[in-house]
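Let's walk through this structure together, one contact at a time. Please have the model open so that you can follow each stop.

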Amino acid sequence: MLWSGWGDPARATPLPEPVVGLLRDLLGVKPVEAPPLALDEIVPPESRLPGAARDALAAAVGAEHMRTDAETRVRHTRGKSTPDLLRIRAGQVDDAPDAVVLPGSHDEVLAVLAACEEHRVAVVPFGGGTSVVGGLAPTGLGEHGVTSFVALDLRRLDGLVELDEVSRTAVFQPGLRAPRAEEMLRERGYTLGHFPQSFEWATIGGFAAARSSGQASAGYGRFDEMVVGLTVATPAGTLDLGRAPKSAAGPDLRQLVLGSEGAFGVITSVRVRIRPVPDAQAYEGWRFSDFETGSTALRALAQDGPLPTVLRLSDETETMVGLADPSGVGGGLSASGCLVVLGLEGTPDEIAARREKIHGVLTGLGGEPLGAEPGDKWKHGRFNAPYMRDALLDVGAFAETLETAAFWADIPALYAGVKGALNETLAASGTPPLVMCHISHVYASGASLYFTVVSAQGPDAVAHWEKAKHAANDAILAAGGTISHHHGVGTDHRDWYARETGPLGVAVLRAVKGALDPSGILNPGILFQAEE
């Protein structure tokens, strides 16, 4: 992955000049004063890893699989949020890992954890490096004598261990990237159906650790709903979880690991539900007069059916900008109303039957059919938005996202509250934004809201965003939303997660960590702070 941005450098393209001009006119975007530093110009601090720890880690994985060179450490510094990228482009890598360790088996992971516990070295599991909430930025180093940390890169654990066609499950190792996992399954006629925006670079283990949700969640469910088994390496030993798809044998310990972001252990295998590859797919677009009317239509499908495989609604601003087709942003500025994109899968006859019923629901609720073109454009460009974010940074714009979820009754207040907090805070900082939103994951009882924010970078873009993000987080909790629907907690959401969970809930999590990680070496400061 591009060290200073997202994805494949060959796919990074500059913004068209008309779009750049529009950003300058609408938002006051100014050219960046200094270009990003080159990779070879960025020098991380000297490694703090003690010599005895270095020797123990080399013995655990082999000397060739422990790296302390500058480039490898820089490439494992933080994640891919906009503040992460702005800092790394400016050469701010004081929090680079002291080494990168690449185990090749579950037993080697256990050996790494044992060595790190003995020598008081923190461990940050690293999959695709796509965290956007500070999930790869440990805090609290110095507690329990921990003064250094290593990135535990799981890329060597990248296999398909088992495919059970009778049960329709597959066992993957955690470092396997999503495109390769999908390729392996499709060779046997199966699919996970999990396609988040991070799909091209994220890993199976990362999906589980962060409770990922894909763009086809209406049809396939969230990733945590696909997981039926986990193997986890912890400093206290191994957890083997999931003897059956469902069980009444006490609380489900799989749920402690799903969403734990490496704070309780390192996932070394994941058993997931799989499905046959559908015979056909069809995508289309609909227009609704406003966001409220469109939300009502999505709720009707989510509650009473039939539910498409993909279902998303852009608000008026996102529709106007054309963000549903990132490759054509700016070309849809004359569009009005709100765009709905839906996708259907199955046999041609099944698609036709469901389409007829869905059309009846949407037409009855005020929808206007737009045909296949909007849906096909969305499908073609659905992984392009992160590349566009990099292009915006290059011309002096700031672009970031945040997401939440709530019950349907709370969605209007949540939408208004978060949008208002972002607009007010960034405008007060001298960088009035363009705030867009869409619903992309729906349930019978509620839905998620995904906001995209674009503004001028201003003199201190990171500080401006921090204020806005904090205000948006406050607004989310005030409106009854959850602090994260699928990006995770990390350090960015940690304090608000504590408020959402409550003191007793945090105490329970600390007790779990105390049992599995008594020395506190696993991703310290992620999910919750150490007890004061």
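A good place to begin is D474, which is partly exposed, with a relative accessible area of 34%. Keep in mind as we go that this is a predicted model. The partner of D474 is R499: the two form a salt bridge in which the closest N and O atoms are 3.0 Å apart. R499 itself is exposed, as its relative accessible area is 51%. Because R499 belongs to helix α18 (residues 494–501) and D474 to helix α17 (residues 461–478), the pair ties together parts that are 25 residues apart in sequence. Elsewhere, R78, D84 and D95 are joined into one network by salt bridges that share partners.

How many salt bridges does a search of the whole structure find? The count is 25. As background, side chains of opposite charge can pair when their charged atoms come close. One of these salt bridges is between the side chains of R11 and E200, with an N to O distance of 2.2 Å. This pair links distant parts of the chain, 189 residues apart: R11 sits in the segment before α1 (17–27), and E200 in the loop between β8 (190–191) and α7 (204–209). Are the two partners buried or exposed? R11 has 32% relative accessibility and so counts as partly exposed, whereas E200, at 15%, counts as buried because the cut-off for that class is under 20%.

Another salt bridge to look up is the one between R156 and E108, whose closest N and O atoms are 3.6 Å apart. R156 lies in the loop between β5 (148–153) and β6, while E108 is part of helix α5 (residues 106–119), so this pair ties together parts that are 48 residues apart in sequence. With 31% relative accessibility, R156 counts as partly exposed.

From R156 you can follow the chain into β6. Strand β6 (residues 160–164) runs antiparallel to strand β7 (residues 169–172), and 4 bridges join them. Within this pairing, E162 has V171 of β7 as its bridge partner. The hairpin of β6 and β7 has 4 residues between the strands, and R168 takes a positive phi near 55° there.

Now turn to the sheet. Here 7 strands form an open sheet with antiparallel pairing, in the order β16-β13-β15-β14-β18-β19-β17. Its edge strands, each pairing on one side only, are β16 (368–371) and β17 (397–407). From one strand to the next, the twist averages 25°. Inside the sheet, β14 (residues 310–314) and β18 (residues 434–439) run antiparallel and are joined by 2 bridges; S314 stands opposite H438 in β18. Which helix lies across part of this sheet? Helix α14 (residues 373–381) lies across β13 (280–288), β14, β15 (338–346) and β16, and runs at about 115° to β13.

Strand β18 includes I439 as its last residue, and that residue brings us to the interior. The largest nonpolar core has 49 residues, of which V418, L422, I439 and L449 touch the most other members. Leaving aside residues up to four places away in sequence, I439 touches F291, S295, L298, L311, R312, L313, W408, A447, S448 and L449. There is also a second, separate core of 37 residues, which includes F172, M226, V232 and F383.

F383 leads on to the aromatic rings. Across the whole structure, a search finds 8 aromatic pairs. In one of them, F199 and F383 have ring centres 5.5 Å apart and planes at 20°, so the pair is stacked. F199 lies in the loop between β8 and α7, and F383 in the loop between α14 and α15 (385–394), so this pair ties together parts that are 184 residues apart in sequence. Both F199 and F383 are buried. Together with F195, F199 and F383 form one aromatic cluster.

For the last stop, find F264 and F528. Their ring centres are 6.4 Å apart and their planes at 40°, so this pair is tilted. The two rings link distant parts of the chain, 264 residues apart: F264 is in the loop between α10 (254–257) and β11 (266–273), and F528 in the segment after α19 (503–516). F264 counts as buried at 3% relative accessibility, and F528 counts as buried at 7%.

Definitions and conventions: Residues are numbered from 1 along each chain as its sequence is written. This is a predicted model: local features need pLDDT of at least 70, side-chain atom pairs count only at pLDDT 80 or more; totals for chains, interfaces and linings use all residues. Side-chain values use heavy atoms; hydrogens and water are left out. A nonpolar core is a set of buried Ala, Val, Leu, Ile, Met, Phe, Trp, Tyr and Cys residues joined through side-chain atoms within 4.5 Å. Buried means under 20% relative accessible area, exposed over 50%, partly exposed in between (1.4 Å probe, protein chains only). Contact means heavy atoms within 4.5 Å. Two strands pair if DSSP finds at least two bridges between them. Axes are lines fitted to C-alpha atoms, for helices over the stretch in contact, and angles run from 0 to 180 degrees between N-to-C directions. A salt bridge is a side-chain nitrogen of Lys or Arg within 4 Å of a carboxyl oxygen of Asp or Glu. Rings of Phe, Tyr and Trp (its six-membered ring) pair if their centres lie within 6.5 Å; planes under 30 degrees apart count as stacked, over 60 as edge-to-face and the rest as tilted.
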